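Open the model in your viewer and keep the sequence panel in sight. We will go from stop to stop, selecting a few residues each time.

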Amino acid sequence: MSYKTSFTIDELQVTTDNQSNPIWYISDYNTGSIQLHPEQGFVANQIYLAKALDWLFDDKEIHVEHADEPVVIPIRKAMCTRCRGKGTMANPAFDGTSIEWWQEHGGPDWQDDLDEYCHGDLYDVPCEYNCSGGIAWSMDWQRIIHYHDLYKINAMTDRVKTKEEDEANEWINELYIEIQDWHDGEAEVRAEQAYFDREWAI
Ligand SMILES: [Zn+2]
């Protein structure tokens, strides 16, 4: 996967949670359907590191040290993107099952069972992201957008670029790189795992 060398605030995409609150996200990891998991996983990982390495953090931001450079990661509580705010999720053990499978393995009520699996929560398991009832820590892109938009309008030039705007652009690029690095590392771990799983299966 190749990445752009610079990322701008205008490239953030927006969706809404089940309360119609906006959720901003980077679309690079999302092919087709919106999957916001990477950023939520990233924040969970940084909170874990902050606790382990004694980094400064509160419910607004994490002060990360990466390659001797301090980076502030803005965070907020938002709808969990794995279970979409439900707190539970469909059991992954049933992923990829077909109607034929249900017909074959189910009892006489297999149609009701399949309906329950698709629309109910009888087969649900706790959310694998360990969110708290469908609420989880996520990136607070809104804060950077707000910071970025504190520009001044001048009658003569109509718009003057401010220090805040430059800093916001720099900030979002730092965060973009942090998330990329983390995402690449995760991809490596997943690939290795898949390799060992295959070896094991032979
Ligand atoms: Zn969840």
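Which pattern does the chain follow when read along the sequence? Colour by secondary structure and trace it: the chain runs β-β-α-β-β-β-α-α-β-β-α-α. That gives five helices and seven strands. Please bear in mind that this is a predicted model. Of the 202 residues in the chain, 18% count as buried. Contacts between residues at least 6 apart in sequence are worth a thought too: 59% of them join residues at least 24 apart.

**Stop 1: the S1 and S2 pair**

Select residues 13-16, which are strand S1, together with S2; the two pair in the antiparallel sense over four bridges. To find one point of the pairing, click Thr16, which stands opposite Pro22 in S2.

Now show the side chains of S2, residues 22-25. In a regular strand, side chains alternate between the two faces of the sheet. Which residues of S2 are on the covered face, and which on the uncovered one? Ile23 and Tyr25 make up the covered face, while Pro22 and Trp24 are on the uncovered face.

**Stop 2: the three-stranded sheet**

Next, select S3, S4 and S7: these three strands form an open sheet in the order S3-S4-S7, with antiparallel pairing. S3 and S7 are the edge strands, each pairing on one side only. On average, neighbouring strands of this sheet are turned by 35° against each other, direction ignored.

Zoom in on S3 (residues 61-66) and S4 (residues 69-79), which are joined by six antiparallel bridges. Two facing positions to label are Val64, opposite Val71 in S4, and Glu65, opposite Pro70 in S4. The hairpin of these strands has two residues between them, and Ala67 takes a positive phi near 50° there.

Then move across to S7 (residues 135-139), which pairs with S4 in the antiparallel sense over five bridges. Here Met79 has Ile135 in S7 as its bridge partner.

**Stop 3: two residues of S4**

Stay on S4 and select Glu69, which lies in this strand. Is Glu69 buried or exposed? Glu69 counts as exposed because it has 9 C-beta neighbours inside 10 Å. Draw a C-alpha to C-alpha distance from Glu69 to Glu174: the two are 105 residues apart in sequence and 9.9 Å apart in space.

Now pick Ala78, also found in strand S4. Why does Ala78 count as buried? Ala78 is buried because 25 other C-beta atoms lie within 10 Å, and the cut-off for burial is 20 or more. A second distance to draw is Ala78 to Asn21, which are 57 residues apart in sequence and 8.9 Å apart from C-alpha to C-alpha.

**Stop 4: the nonpolar core**

For the last stop, look at the largest nonpolar core, which has 27 residues. Highlight Cys80, Ile172, Leu175 and Tyr176, the residues with the most contacts inside this core. The elements giving two or more residues to the core are S2, helix H1 (37-53), S4, S7, helix H4 (141-148) and helix H5 (163-201). Which element gives the most? Select H5, which contributes six residues.

Finish by centring the view on Cys80. Leaving aside neighbours within four places in sequence, Cys80 is in contact with Gln40, Gly85, Cys127, Tyr129, Cys131, Gly134, Ile135 and Ala136. You have met one of these partners before: Ile135 is the bridge partner of Met79.

Methods
Residues numbered from 1 in each chain as written. Predicted model: local features only at pLDDT ≥ 70, side-chain atom pairs only at ≥ 80, totals over all residues. Buried ≥ 20, exposed ≤ 12 C-beta atoms within 10 Å, placed from the backbone. Pairing = 2+ DSSP bridges. Axes fitted to C-alpha atoms, helices over the stretch in contact; angles between N-to-C directions. Core = buried A, V, L, I, M, F, W, Y, C linked by C-beta atoms within 7 Å. Contact = placed C-beta atoms within 7 Å.
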